[in-house]
Amino acid sequence: MTQPKASAGALISTIGLFKYFGDTLILDDINLTVQRGEVVVLIGPSGSGKSTLLRCCNGLEIAQKGIVEICGERLSQQGQLLPERQLDALRTRAGMVFQSFNLFAHLKVIDNITIGPRKVLEQHAEESRRLGLELLDKVGLADKADAMPGNLSGGQKQRVAIARALAMRPELMLFDEPTSALDPELVGEVLQVIRLLAAEGMTMIIVTHEMNFAREIADRIIVMDRGRIVDSGTPEMIFGSEANPRTRSFLAKVL
């Protein structure tokens with residue numbers, strides 16, 4: 001039987017994803033395509049499968065059924081991942097930023113950023129440091145290169161985490177609730193960095209509970225509930241009268 005194929009030019013495609021944790025169905029027949037340069041935001045109630053879907057998009061979770069493709073290359077199929085070497089190469093094309101910062105506490109900020117390019121991409125130390133300093137400047141932390149993570153605020157740590165992901169020169173970025181662990185006054189500085197990436201044309205999938213930010217930055221908003229995609233459209237559609245009743249019910253509770 002002929003295998004289904006992703007849309008031409010798509011950076012991420014999922015085809016018929018089903019994911020279980022034990023007997024609990026987490027993802028229920030998810031079909032999602034994200035084109036180059038597109039910013040897609042996933043919203044929905046807690047436990048609806050948003051973060052699991054994101055993790056399936058770079059092989060951190062494996063769906064028992066379905067296909068995941070990155071840049072036209074198959075990452076997983078029917079519960080089977082690529083061999084480790086090929087998997088690592090594909091993962092460099094999809095940078096990921098988590099809720100928690102996951103910085104190496106014993107390394108300076110600049111070393112947190114450069115360790116991946118040096119170890120994985122075999123980048124020369126001088127080149128990786130130059131790029132690392134450029135990225136710190138981009139995220140507004142040019143003066144923190146030699147600081148230790150323990151001396152940074154939560155917002156600063158998350159901006160370092162973004163710089164670290166960008167250092168691998170990914171073709172797309174995956175953000176899993178990047179501001180959920182931050183104090184409210186620190187949220188804005190992280191969202192501003194994501195706005196900058198969007199303005200530069202970075203392809204992104206963002207899981208967030210920041211509805212105003214979703215409305216502002218998204219090209220397309222995907223609404224999930226109980227493991228399914230229940231609505232999809234432009235911000236104007238999702239936050240307007242064209243949204244379906246389930247979407248309107250969810251937004252009425254969170255806005």
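The following paragraphs describe the confidence, the sheet and the helix packing of a predicted model.

Across the protein chain the mean pLDDT is 93, and 97% of the residues reach 70 or more. Residues 1-6, by contrast, have a pLDDT that stays under 50, and for this stretch the model has 10 contacts beyond four places in sequence.

An open sheet is formed by five strands, arranged in the order β2-β1-β4-β5-β6 with antiparallel pairing. Its edges are occupied by β2 (24-35) and β6 (80-81), each of which pairs on one side only. Strand β1 (residues 10-21) runs antiparallel to β2 and is joined to it by nine bridges, and within this pairing I12 stands opposite V34 of β2. Toward the other edge strand, β6, helix α2 (residues 84-91) lies across β4 (65-70), β5 (73-77) and β6, and its direction makes an angle of about 120 degrees with β5.

A further packing arrangement involves helix α3 (residues 109-119) and helix α5 (residues 154-166), whose axes come within 8 Å and cross at roughly 25 degrees. Because angles under 35 degrees count as roughly parallel, α3 is described as roughly parallel to α5. The crossing in which α3 passes α5 is right-handed. On the α3 side the contact is made by V109, N112 and I113, which meet V160, A163 and R164 in α5; classified by residue type, this contact of α3 with α5 comprises four nonpolar residues, one polar residue and one charged residue.

Methods
Residues are numbered from 1 along each chain as its sequence is written. This is a predicted model: local features need pLDDT of at least 70, side-chain atom pairs count only at pLDDT 80 or more; totals for chains, interfaces and linings use all residues. Side-chain values use heavy atoms; hydrogens and water are left out. Axes are lines fitted to C-alpha atoms, for helices over the stretch in contact, and angles run from 0 to 180 degrees between N-to-C directions. Helices (H or I, at least four residues) and strands (E, at least two) are DSSP runs, numbered from the N terminus. Angles under 35 degrees count as roughly parallel, over 145 as roughly antiparallel, 65 to 115 as roughly perpendicular and the rest as oblique. A crossing is left-handed if the near helix is turned anticlockwise from the far one by less than a right angle, and right-handed if clockwise. Contact means heavy atoms within 4.5 Å. Ala, Val, Leu, Ile, Met, Phe, Trp, Tyr, Cys and Pro count as nonpolar, Asp, Glu, Lys and Arg as charged, and the others, Gly among them, as polar. pLDDT is the predictor's confidence in each residue, from 0 to 100. Two strands pair if DSSP finds at least two bridges between them.
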